[in-house]
Amino acid sequence: IEPVRTLPLYFSFIPTRLLLLIKTPLSMTPIYTNRLVGVAARGNKKVKPGVSVEEYLSMRHISYRPGSAGSGPSSAVDKFIEASNLQLDIALEVSSFAIIPSAFAGTEMVTTIPSRILSFIPERKNLLTFEVPFENPEFEVSMAWSPLADNDVEHRWFRELVQQQMQAVFTQK
């Protein structure tokens, strides 16, 4: 009997420009492009077309923090907001994008998230999206992994499968 060889299938999807800041050597491949979008509960009276920076900053925000809310690392969205020199009034931190629609219920809070995340939120019909009032260039999201797995046949097969599936999901309309 041949022993089962396992190589962890660790990889992550992170904006490419943030991956380039990481000191640990990583292998990566681009998966898709994305933009930030403002989101609120449908019927939020504070959100109207052409939200100004002042209006946006005066709103109470829900912030996504990966890991545990309140203690998780800054998200990619946080880094974009910080780079724009904006200070948001954070009313609530959540650790999952799936929580956001429920968190909006009965409030006038807003959030800023990568637009493609909306594809995975079943309650998106109850959400209102709006353009964020700051520079919002498209950004590339890449899959990253340890270079130790570059030549591993199974890892490469799985990465290619994930890449194909992610691109298929995001090119459907």
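Select His-61 to begin: at 1% relative accessibility, this residue counts as buried, since buried means under 20%. The model on the screen is a predicted one. His-61 has its place in strand β4, which covers residues 60-64. Now display the residues around His-61. Not counting residues up to four places away in sequence, His-61 touches Tyr-56, Leu-88, Asp-89, Ile-90, Ala-91, Leu-92 and Val-110. Several of these names will return during the tour.

**The open sheet**

Next, show the strands as a cartoon and find the sheet to which β4 belongs. Five strands form this open sheet, in the order β5-β4-β6-β3-β7, and their pairing is mixed. The edges are β5 (89-94) and β7 (127-130), each of which pairs on one side only. From one strand to the next, the twist averages 35 degrees. As a general point, the strands of a sheet pair through backbone hydrogen bonds, either parallel or antiparallel.

Both kinds of pairing can be inspected here. Select β4 and β6 together: these strands run parallel and are joined by two bridges. In this pair, Ile-62 stands opposite Thr-111 of β6.

Keep β6 selected and add β3. β3 and β6 pair in the antiparallel sense over five bridges, and Ala-40 stands opposite Val-110 in β6. Is strand β6 enclosed or open to the surroundings? Five of the five residues of β6 (residues 110-114) are buried, so this strand is largely enclosed by the rest of the structure.

Move now to the other partner of β3. Strand β3 (residues 36-41) pairs with β7 in the antiparallel sense over four bridges. Here the position to select is Val-39, which stands opposite Thr-129 in β7.

**A second pair of strands**

Select β2 and β8. Seven bridges join these two strands, which run antiparallel. To see one bridge, display Asn-34, whose partner in β8 is Phe-139. Six of the seven residues of β8 are buried, so β8 is largely enclosed by the rest of the structure.

**The nonpolar cores**

Return to Tyr-56, already met as a contact of His-61. Leaving aside neighbours within four places in sequence, Tyr-56 is in contact with ten listed positions to display in turn: Val-51, His-61, Ile-81, Leu-86, Leu-88, Thr-112, Phe-130, Val-132, Pro-133 and Phe-134.

Which residues have the most contacts inside the largest nonpolar core? They are Val-47, Tyr-56 and Phe-134, in a core of 23 residues. The elements that give two or more residues to this core are β2 (27-34), β3, β8 (139-145) and α5 (153-171). Of these, β8 gives the most, with four residues. A second, separate core has 16 residues, including Val-37, Val-94, Phe-97 and Ile-100.

**The salt bridges**

Finally, show the charged side chains. How many salt bridges does the structure hold? There are three.

1. Select Arg-35 and Glu-131, whose side chains meet at 3.4 Å, N to O. This pair links distant parts of the chain, 96 residues apart: Arg-35 is in the loop between β2 and β3, and Glu-131 is in the loop between β7 and β8. Arg-35 is partly exposed, with a relative accessible area of 30%, whereas Glu-131, at 54%, counts as exposed.

2. Select Lys-48 and Glu-55, whose side chains also meet in a salt bridge at 3.4 Å, N to O. Lys-48 counts as partly exposed at 42% relative accessibility, and Glu-55 counts as partly exposed at 27%.

3. Select Asp-89 and Arg-60, whose closest N and O atoms are 3.2 Å apart. Why does this pair tie together separate parts of the sequence? Asp-89 lies in strand β5 and Arg-60 in strand β4, so the pair joins parts that are 29 residues apart in sequence. Asp-89 is partly exposed, with a relative accessible area of 32%, and Arg-60 counts as partly exposed at 42%.

The last stop leads back to the starting point: Asp-89 is one of the residues that His-61 touches, and His-61 itself is buried, at 1% relative accessibility.

How values were computed:
Residues are numbered from 1 along each chain as its sequence is written. This is a predicted model: local features need pLDDT of at least 70, side-chain atom pairs count only at pLDDT 80 or more; totals for chains, interfaces and linings use all residues. Side-chain values use heavy atoms; hydrogens and water are left out. Buried means under 20% relative accessible area, exposed over 50%, partly exposed in between (1.4 Å probe, protein chains only). Contact means heavy atoms within 4.5 Å. Two strands pair if DSSP finds at least two bridges between them. Axes are lines fitted to C-alpha atoms, for helices over the stretch in contact, and angles run from 0 to 180 degrees between N-to-C directions. A nonpolar core is a set of buried Ala, Val, Leu, Ile, Met, Phe, Trp, Tyr and Cys residues joined through side-chain atoms within 4.5 Å. A salt bridge is a side-chain nitrogen of Lys or Arg within 4 Å of a carboxyl oxygen of Asp or Glu.
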